[in-house]
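Colleague: I'd like a close look at one part of this model, the interior, and how the pieces around it fit together. Take your time and walk me through it.

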Amino acid sequence: MTTGYVVDLDNGHDSYCVESLVGVTYCGETFDPTAVDRELYAIDRGEDHPHNYFCFDCSKADSRKVRSLARGETDA
Ligand SMILES: [Zn+2]
C-alpha cells in the first residue's frame with residue numbers, strides 16, 4: 001500500500017518514509033498529516049535528491065508502485 005507521497009518525519013531516521021496510508025508510513029510510524037509536510041514522490045530526480053534515501057523498512061516498499069501513484073496512475 002502506498003499513496004505516492006513521502007514524508008520526512010522528525011524521528012531521527014534522517015531519511016524519508018513512504019506513506020502507506022494517509023498518516024501512516026510503510027514502516028509503521030504514524031504522524032499527523034496536517035502537521036507534516038507530505039511530499040509527492042519525485043519521479044525525475046537527480047542522484048543527490050533526498051527522495052533517494054528512505055528509512056530501512058521503507059526502502060523495501062514497492063518503489064514502482066510509489067512512482068506510478070505519484071504520476072497519478074490510480075490503478076497501480
Ligand atoms: Zn520509514
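Modeller: One cut-off to start with: a residue counts as buried when 20 or more other C-beta atoms lie within 10 Å of its own, and as exposed when there are 12 or fewer. His49 has 11 C-beta neighbours inside 10 Å, so it lands on the exposed side. Tyr16 has 24 inside 10 Å, so that one is buried, and Tyr41 is buried too because its count is 21. Keep in mind that this is a predicted model.

Before zooming in, a bit of layout. The protein chain has one helix and four strands, running β-β-β-β-α from the N terminus on. Its radius of gyration is 11 Å, close to the 11 Å that the globule rule gives for 76 residues, so the chain is as compact as a globular protein of that length. The C-alpha atoms fill a box of roughly 30 × 25 × 20 Å along the principal axes. Of the 76 residues, 28% count as buried. If you take the contacts with a separation of 6 or more, 54% of them come from residues 24 or more positions apart.

Now the sheet. The four strands form an open sheet in the order 3-2-1-4, with antiparallel pairing. Strand 3 and strand 4 sit at the edges with a single partner strand each, so one side of each has no neighbour in the sheet. Strand 1 and strand 2 are antiparallel and joined by two bridges, with Val7 standing opposite Cys17 in strand 2. Two bridges also join strand 2 to strand 3 (residues 24–25), again antiparallel, and there Glu19 stands opposite Thr25 in strand 3. That second pair makes a hairpin with two residues between the strands, and Gly23 in the turn has a positive phi of about 90°.

Next, the helix. In helix 1 (residues 63–70), the buried residues are Val66, Leu69 and Ala70. They cover an arc of only 100° around the axis, which puts them on the same side of helix 1. The general background is that an α-helix has 3.6 residues a turn, so residues three or four places apart point the same way. What do the buried residues of helix 1 pack against? Their partners are strand 2 (17–21) and strand 4 (38–40). Just after the helix, Gly72 takes a positive phi of about 95°.

That brings us to the interior itself. The largest nonpolar core has 15 residues, and the ones touching the most other members are Val6, Cys17, Val18, Phe54, Cys58 and Val66. Strand 1 (5–7), strand 2 and helix 1 each supply at least two residues of this core.

Val6 makes a handy anchor for looking around. Skipping neighbours within four places in sequence, Val6 contacts Tyr16, Cys17, Val18, Glu19, Glu39, Tyr41 and His51. Two of those are the buried tyrosines from the start. Tyr16 lies in the loop between strand 1 and strand 2, and its C-alpha is separated from that of Val6 by 6.3 Å, with the two 10 residues apart along the chain. Not counting residues up to four places away in sequence, Tyr16 touches Val6, Val7, Asp8, Pro50, His51, Tyr53 and Phe54.

Tyr41 comes in from another loop, the one between strand 4 and helix 1. Tyr41 and Val6 are 35 residues apart along the chain, yet their C-alpha atoms are separated by 5.7 Å. With neighbours within four places left aside, Tyr41 is in contact with Gly4, Tyr5, Val6, His51, Val66, Arg67 and Ala70. Val66 and Ala70 in that list are among the buried residues of helix 1, and Val66 is also one of the best-connected core members.

Finally, back to His49 for contrast. His49 is placed in the loop between strand 4 and helix 1, which is also where Tyr41 is found, but His49 counts as exposed while Tyr41 counts as buried. From His49 to Gly72 the C-alpha distance is 21 Å, at 23 residues apart in sequence.

Key. Residues are numbered from 1 along each chain as its sequence is written. This is a predicted model: local features need pLDDT of at least 70, side-chain atom pairs count only at pLDDT 80 or more; totals for chains, interfaces and linings use all residues. The arc is that of the directions from the helix axis to the C-beta atoms. Two residues are in contact if their C-beta atoms, placed from the backbone, lie within 7 Å. A nonpolar core is a set of buried Ala, Val, Leu, Ile, Met, Phe, Trp, Tyr and Cys residues joined through C-beta atoms within 7 Å. The radius of gyration is taken over C-alpha atoms; the globule rule is 2.2 Å times the number of residues to the power 0.38. Two strands pair if DSSP finds at least two bridges between them.
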